[in-house]
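Here is a small set of exercises to work through with the model open beside you. Try each task before reading its solution.

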Amino acid sequence: MKVKYLGHSCFQVEAGGATLLFDPFITPNQLASSIDMKQVKADYIFISHAHQDHMADALQLAKQNNSTMVANWEICSWFNTQGWHKTHPMNTGGKWTFDWGEVKFTNAIHSSSFGDGCDGGNPQGFIIKADGKTFYYAGDTSLHMDMQLIGKYNKPDFAFLPVGSNFTMSYEDAVIAAEFIQCNTIIGMHFDTFPYIVINHEQVQQAFTAAGKTINLMEIGATLDI
Ligand code: NI
Ligand code: MN
């Protein structure tokens with residue numbers, strides 16, 4: 001699989017012949033000013049929860065790419081009211097097989113209201129299987145015990161975990177999360193975008209190395225073959 005980092009928690013992943021885009025927040029992100037929106041591809045746009053820093057560019061990119069949005073019922077319904085109807089609603093624990101791979105929605109401990117006060121349902125994580133591999137995209141979440149189930153039953157080959165603390169788990173908890181999900185290859189997200197979530201990269205790298213794990217703190221615009 002090929003992973004491209006577009007800043008904050010936004011990644012473009014080539015999987016099973018499809019391009020999956022997670023939590024698009026590019027144009028409001030000053031750190032991501034080098035990203036050319038016209039080059040952002042998405043057959044599917046996954047939205048983990050309704051906060052602005054996870055969906056600011058979702059509508060524009062869906063229109064640009066004729067993407068299918070995959071999110072919880074409330075988020076899909078909200079985008080329907082914004083005029084976007086190519087949506088696939090799911091909810092926690094649910095699984096669906098698309099022509100490129102399989103998606104399961106997982107628990108995330110966070111909140112999920114829209115900026116306009118509308119109910120954004122429950123925040124989600126995703127377990128995705130394609131190309132004979134499994135990965136976990138945690139969304140915004142604290143460390144939680146359900147992650148042990150992901151380790152026991154899915155053993156992801158790699159995982160996207162938030163590491164910025166303040167709004168989500170810290171890097172220390174992300175090390176424990178990596179143990180819970182039984183995964184040695186982590187891609188960090190939700191760091192450095194705002195003053196509240198600035199991290200010391202060296203410290204984070206050392207904590208994962210000490211636990212026998214690898215964390216990739218990708219440069220915005222960089223790609224990773226995984
Ligand atoms: Ni959030
Ligand atoms: Mn967030």
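**Exercise 1. Find the bridge partner of phenylalanine 22 in S4, then place that pair in its surroundings**.

Step 1. Phenylalanine 22 has phenylalanine 46 as its bridge partner in S4. Strands, at least two residues of E, and helices, at least four residues of H or I, are DSSP runs numbered from the N terminus.

Step 2. A word on the ground rules: this is a predicted model, in which local features need pLDDT of at least 70 and side-chain atom pairs count only at pLDDT 80 or more, while totals for chains, interfaces and linings use all residues. Residues are numbered from 1 along each chain as its sequence is written, chains are lettered from A and ligands numbered from 1 in the order in which they are written, and side-chain values use heavy atoms, with hydrogens and water left out.

Step 3. S3 and S4 run parallel, joined by three bridges. Two strands count as paired if DSSP finds at least two bridges between them.

Step 4. Now look around phenylalanine 46. Leaving aside residues up to four places away in sequence, its contacts include Leu20, Leu21, Val70, Trp100 and Phe126; contact means heavy atoms within 4.5 Å.

**Exercise 2. Follow S3 back to S2 and describe how S3 is covered**.

Step 1. Strand S2 (residues 11–15) runs antiparallel to S3, with five bridges between them. Alanine 15 stands opposite alanine 18.

Step 2. The two strands form a hairpin with two residues between them, and glycine 16 in the turn has a positive phi of about 60°.

Step 3. Five of the five residues of S3 are buried, that is, under 20% relative accessible area, with exposed meaning over 50% and partly exposed in between (1.4 Å probe, protein chains only). Ala18, Leu20 and Phe22 are on one side, with Thr19 and Leu21 on the other, so both faces are covered.

**Exercise 3. Write down the strand order of the open sheet of seven strands**.

Step 1. The order is S6-S5-S4-S3-S2-S1-S14, and the pairing is mixed.

Step 2. Strand S6 (87–90) and strand S14 (223–225) are the edge strands, each pairing on one side only.

Step 3. On average, neighbouring strands are turned by 20° against each other, direction ignored. Axes here are lines fitted to C-alpha atoms, for helices over the stretch in contact, and angles run from 0 to 180 degrees between N-to-C directions.

Step 4. At the S6 end, strand S5 (residues 68–72) pairs with S6 in the parallel sense over four bridges, and valine 70 has histidine 88 as its bridge partner. Helix H2 (residues 73–81) lies across S5 and S6, at about 135° to S5.

**Exercise 4. Which residues of H1 are buried, and what covers them?**

Step 1. The buried residues of H1 are Ala58, Leu59, Leu61, Ala62 and Asn65.

Step 2. Seen down the axis of H1, they fall within an arc of 170°, so they line one face of the helix. The arc is that of the directions from the helix axis to the C-beta atoms.

Step 3. Their cover includes strand S3 (18–22), S4, S5 and H2. Just after H1, asparagine 66 takes a positive phi of about 50°.

**Exercise 5. Which residues touch the most other members of the largest nonpolar core?**

Step 1. A nonpolar core is a set of buried Ala, Val, Leu, Ile, Met, Phe, Trp, Tyr and Cys residues joined through side-chain atoms within 4.5 Å.

Step 2. Of the 51 residues in this core, Phe11, Leu20, Phe46, Trp100, Phe160 and Leu161 touch the most other members. The largest share, six residues, comes from H4.

Step 3. Another core, of 25 residues, lies apart from it and has Leu61 and Phe114 among its members.

**Exercise 6. Which residues are the protein donors of the manganese ion (ligand 2)?**

Step 1. Asp53 (OD), His54 (NE2), Asp140 (OD) and His190 (NE2) are the protein donors, lying 2.2 Å from the ion. Donors are N, O and S atoms within 2.8 Å of the metal (3.2 Å for Na, K and Ca); water is not among the atoms, so sites may look incomplete.

Step 2. Aspartate 140 bridges the manganese ion (ligand 2) and the nickel ion (ligand 1), which lie 3.0 Å apart.

Step 3. Histidine 54 lies in the loop between strand S4 (44–46) and helix H1 (58–65), and aspartate 140 in the loop between strand S10 (133–137) and helix H3 (147–153), so the pair ties together parts 86 residues apart in sequence.

Step 4. Histidine 54 is buried at 0% relative accessibility, and aspartate 140 is buried at 2%.
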